[in-house]
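Please walk me through this structure, feature by feature. I would like to learn how to read each one.

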Amino acid sequence: MQKIAICDKKDAISEISKNIMTIRNKNDINFEFEGFCSEKELIESLREGDCYDIIFLEIEIVEMDVIEYIKKIREYNEYILVIIITCNRNFMQKSFEARPFRYLLKPTSFEEFENAFLSAYKYVLNMTRKYI
């Protein structure tokens, strides 16, 4: 089963979770997801052995260098898909160094979010089938 992490402020996690639940119900797909209010909580979860396929990451809550943070995430799983979801337009070009799957600017429409989510989800499924 695919696992998704959301790393953002508490109110944003709630909004993203609602969108994810709508997508899950609309498309009859199954996955788990978990929210983290700080980058430290997410890294601790990875350190404890949790494995995520997709991470929605708000770069504004990351205290360290974002590129280095994403590299640190990939030390636990180099194939993890990171979707940056932020209101920070200034980081978009630099973010390519970290190979994000998508870069969503807030406010993000449901359609844009759904498109990014389903693209990532299908990519993970295809990669899983390819290597099983």
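The dialogue below takes up helices, unusual backbone angles and a pocket.

Q: What kind of model is this, and how are its residues numbered?
A: This is a predicted model, in which local features need pLDDT of at least 70 and side-chain atom pairs count only at pLDDT 80 or more, while totals for chains, interfaces and linings use all residues. Residues are numbered from 1 along each chain as its sequence is written, and side-chain values use heavy atoms, with hydrogens and water left out.

Q: Which residues of helix α1 are buried?
A: An α-helix has 3.6 residues a turn, so residues three or four places apart point the same way. Helices (H or I, at least four residues) and strands (E, at least two) are DSSP runs, numbered from the N terminus. Buried means under 20% relative accessible area, exposed over 50%, and partly exposed in between (1.4 Å probe, protein chains only). In α1, the buried residues are A12, I13, I16, S17, N19, I20, I23 and R24. They fall within an arc of 165° seen down the axis of α1, so they line one face of the helix; the arc is that of the directions from the helix axis to the C-beta atoms. D11, K18, N25 and K26 are exposed on the other side of α1.

Q: What do the buried residues of α3 pack against?
A: In α3 (residues 66-76), V66, I67, Y69, I70, I73 and R74 are buried. They cover an arc of only 160° around the axis, which puts them on the same side of α3. Their partners are α2 (39-47), β3 (54-57), β4 (81-86) and α4 (92-95), where contact means heavy atoms within 4.5 Å.

Q: Which residues that are not glycine have a positive phi, and where is the cis peptide bond?
A: Most residues other than glycine have a negative phi, and most peptide bonds are trans. D28 has a positive phi of about 50° and lies in the loop between α1 and β2 (31-36). D28 is exposed, with a relative accessible area of 72%. R99 has a positive phi of about 55° and sits in the loop between α4 and β5. R99 is also exposed, at 54%. The cis bond joins K106 and P107, with omega about -5°, and P107 is in the loop between β5 (102-105) and α5.

Q: At the start of α3, what does a side-chain oxygen of D65 reach?
A: That oxygen comes within 3.2 Å of the backbone nitrogen of I67.

Notes: Polar contact = N/O pair within 3.5 Å; in protein donor to acceptor, adjacent residues only side chain to side chain.
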